[in-house]
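Reader: Can you walk me through the core and the charged pairs of this one? Short answers are fine.

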Amino acid sequence: MAQLEVDLVDTDGTIWSGEARQVSAPASDGEIGILVGHSPVLSVLRHGEVRVLEAGGTVHRWTVEGGFLSVDGDQVTVVVDSAEAATAGTSAH
């Protein structure tokens with residue numbers, strides 16, 4: 001099965017990098033969800049929670065303070081001003 005290649009970075013460097021089934025983020029005009037095959041997009045992010053769902057069901061969550069999200073092919077890049085882990089490695093239901 002195809003996967004998203006995800007990079008979450010801030011000014012200090014990479015926060016998380018890996019393969020995922022889904023990415024959700026707080027876009028300036030509402031929540032955005034990214035799946036494999038999503039059309040290219042560039043979106044400004046507001047304060048909120050970025051969630052990454054790995055293929056195995058593990059969900060990673062970070063509270064972010066703005067930035068942007070870029071999707072090109074199945075490559076998702078999330079650049080944030082700052083991020084704090086909200087809940088580490090919970091399982092999706």
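Author: We take the nonpolar core first and then the salt bridges. Keep in mind that this is a predicted model.

Reader: Which residues in the largest nonpolar core touch the most other members?

Author: Val-6, Val-23, Ile-34, Leu-69, Val-76 and Val-78 do, out of 20 residues in that core.

Reader: And which strands supply at least two residues each?

Author: The list runs β1 (4–10), β2 (13–20), β3 (22–27), β4 (30–35), β5 (41–53), β6 (58–72) and β7 (75–80).

Reader: Which one gives the most?

Author: β6 does, with four residues in this core.

Reader: Take Val-23. What is it in contact with, leaving aside neighbours within four places in sequence?

Author: Val-23 is in contact with Leu-4 and Val-6, then with Ile-32, Gly-33 and Ile-34. Arg-51, Val-52, Leu-69 and Val-76 are also contacts of Val-23.

Reader: Arg-51 is a charged name on that list. Changing topic, then: how many salt bridges are there?

Author: The count is three. Arg-51 pairs with Glu-31 through their side chains, at 2.8 Å from N to O.

Reader: Where do those two sit in the chain?

Author: Arg-51 is in strand β5 and Glu-31 is in strand β4, 20 residues apart, so the pair links distant parts of the chain.

Reader: Are they buried or exposed?

Author: Neither label fits. Arg-51 has 23% relative accessibility, so it counts as partly exposed. Glu-31 is also partly exposed, because its value is 45%.

Reader: What about Glu-49, which residues does it form salt bridges with?

Author: Arg-51 is one partner, with the closest N and O atoms 3.5 Å apart. Arg-61 is another, and there the closest N and O atoms are 3.2 Å apart.

Reader: How far apart in the chain are Arg-61 and Glu-49?

Author: They are twelve residues apart, with Arg-61 in strand β6 and Glu-49 in strand β5. This pair too links distant parts of the chain.

Reader: And what is the accessibility of each?

Author: Glu-49 has a relative accessible area of 25%, which makes it partly exposed. Arg-61 is at 25% relative accessibility and likewise counts as partly exposed.

Reader: Why would such side chains pair at all?

Author: Because side chains of opposite charge can pair when their charged atoms come close.

Reader: Last one. Which residues are linked in a network of salt bridges?

Author: Glu-31, Glu-49, Arg-51 and Arg-61 are linked in that network.

Key
Residues are numbered from 1 along each chain as its sequence is written. This is a predicted model: local features need pLDDT of at least 70, side-chain atom pairs count only at pLDDT 80 or more; totals for chains, interfaces and linings use all residues. Side-chain values use heavy atoms; hydrogens and water are left out. A nonpolar core is a set of buried Ala, Val, Leu, Ile, Met, Phe, Trp, Tyr and Cys residues joined through side-chain atoms within 4.5 Å. Buried means under 20% relative accessible area, exposed over 50%, partly exposed in between (1.4 Å probe, protein chains only). Contact means heavy atoms within 4.5 Å. A salt bridge is a side-chain nitrogen of Lys or Arg within 4 Å of a carboxyl oxygen of Asp or Glu.
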